[in-house]
Amino acid sequence: MSSTGPAVQRPSKTAELAAVIRALHLRRARSPVFNDDLALEMCGPFWRTVVSSKLLSWLVVDGILRRLAPISPAVYTRARFGEDCLEAAIGRGVEQYVIVGAGYETFAMRRQDLMARLTVYELDQPATQESKRQRMRKAGIPMPEGLRYVAADLNAEPLYDALGRAGFDASRRTLFSWFGVTYYLGKDAIRETLESITGKMAPGSSVMFDYLADPAWTPAAWRGLQERCADFVARRGEPWVSSFDPAEIPGFLTGIGYSEINNLEPDRIGSEYFTADPDLVYPPVIGLCHAATPTG
Ligand SMILES: C[S@@+](CC[C@H](N)C(=O)[O-])C[C@H]1O[C@@H](n2cnc3c(N)ncnc32)[C@H](O)[C@@H]1O
């Protein structure tokens, strides 16, 4: 999602990789951090075959992709953080949940318990969204009640306008999920989207997102991984274009009008989520944040 480059017109490869990582995590982890039991259905035929086979996943993931694999815990951990934040937000009266850049996320199909209390908007580029819907149909997964699809290119249309087309009600308290996206945007575009939430959404609305740490902040032992990942996504047409000093996130958000900020800096996340499984290591390269606007 580059603010400068052309929009991605084919299904997002990074979105599919995120589904692959969630599916593989469930098969491999002794004590999974996140249980996405529909992720395998969201993988295309190649990855479904790989993930389903111990030998092939060992060859591809632990062999060919071994130098990138250490980043993968960031993907399922952000999903867990997101659903933890969502449950808390529902307790505080959130009625709408907007997943921006939803990719192959399966929340609406998995969490009927929470869907009963929410209207969910999944926003993505048309090609990725259509691919996901096709995979759902193929797997016989019905479209959940309370789910609205919003096909939009945020390089061409502001978030607020796109949601308006889908019946979004800005007077109702909303949580925005924005995972796997900010690093593909320039800082002006990030600020613009965050401002549209403080400026146009109901008081008490909030946003959660992950962000890339500045390479200067990243522990030296992890910088090589960060460079390899940046190179990998750039070669797939989805380059990383922004990063933050994690300590600056609260000031950045307060300046835009957020009041309650939970900024999990990259080096705190492992101890927060990985205590049950000593085999898992969180890459201290990507931070997680939830920020709420004042309740009015
Ligand atoms: C790395 S994926 C993350 C997917 C999902 N949030 C997850 O965590 O699995 C980024 C997503 O942003 C979407 N995206 C990229 N550029 C976009 C744009 N200009 N407008 C809307 N969505 C976009 C992609 O199609 C993709 O689904």
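The questions below deal with the ligand shell, one strand and the salt bridges of a predicted model.

Residues are numbered from 1 along each chain as its sequence is written, and side-chain values use heavy atoms, with hydrogens and water left out. In this predicted model local features need pLDDT of at least 70 and side-chain atom pairs count only at pLDDT 80 or more, while totals for chains, interfaces and linings use all residues.

Q: How many residues surround the ligand?
A: A residue is near the ligand if one of its heavy atoms lies within 4 Å of it. The closest are Arg78, Gly101, Asp124, Asp153 and Leu154. The number of residues that surround the ligand is 22.

Q: Which class has nine residues in the shell around the ligand?
A: Ala, Val, Leu, Ile, Met, Phe, Trp, Tyr, Cys and Pro count as nonpolar, Asp, Glu, Lys and Arg as charged, and the others, Gly among them, as polar. The shell has eight polar and five charged residues. The class with nine is nonpolar.

Q: Which element gives the most to the shell around the ligand?
A: Helices (H or I, at least four residues) and strands (E, at least two) are DSSP runs, numbered from the N terminus. Helix H1 (13-28) and strand E2 (119-124) each supply at least two residues of the shell. With four residues, the element that gives the most is H1.

Q: What is the distance from a nitrogen atom of the ligand to an N or O atom in the side chain of Glu105?
A: A polar contact is a pair of N or O atoms within 3.5 Å; within protein, one must be able to donate a hydrogen and the other to accept it, and residues adjacent in sequence count only if both atoms are side-chain atoms. A ligand oxygen is 2.9 Å from an N or O atom in the side chain of Arg22, and a ligand nitrogen is 2.9 Å from a polar backbone atom of Leu154. For the side chain of Glu105, the distance from a ligand nitrogen is 3.0 Å.

Q: Why is strand E7 largely enclosed by the rest of the structure?
A: Buried means under 20% relative accessible area, exposed over 50%, and partly exposed in between (1.4 Å probe, protein chains only). Ile286, Leu288, His290 and Ala292 point one way from E7, and Gly287, Cys289 and Ala291 the other way. E7 (residues 286-292) is largely enclosed because the number of its seven residues that are buried is seven.

Q: Which strand is joined to E7 by seven bridges?
A: Two strands pair if DSSP finds at least two bridges between them. Strand E6 (residues 260-264) pairs with E7 in the antiparallel sense over five bridges, and Ile261 stands opposite Ala291. On the strand asked for, which also runs antiparallel to E7, Leu212 stands opposite Ile286. The strand joined by seven bridges is E5.

Q: Which residue forms a salt bridge with Asp210?
A: A salt bridge is a side-chain nitrogen of Lys or Arg within 4 Å of a carboxyl oxygen of Asp or Glu. The closest N and O atoms of this pair are 3.4 Å apart. The pair links distant parts of the chain, strand E5 and helix H4 (residues 73-91), 132 residues apart. Asp210 is buried at 0% relative accessible area, and its partner is Arg78.

Q: Is Arg80, in its salt bridge with Asp84, buried or partly exposed?
A: Arg80 and Asp84 both lie in helix H4, four residues apart, and their closest N and O atoms are 3.1 Å apart. Asp84 has a relative accessible area of 32%. At 29% relative accessibility, Arg80 counts as partly exposed.
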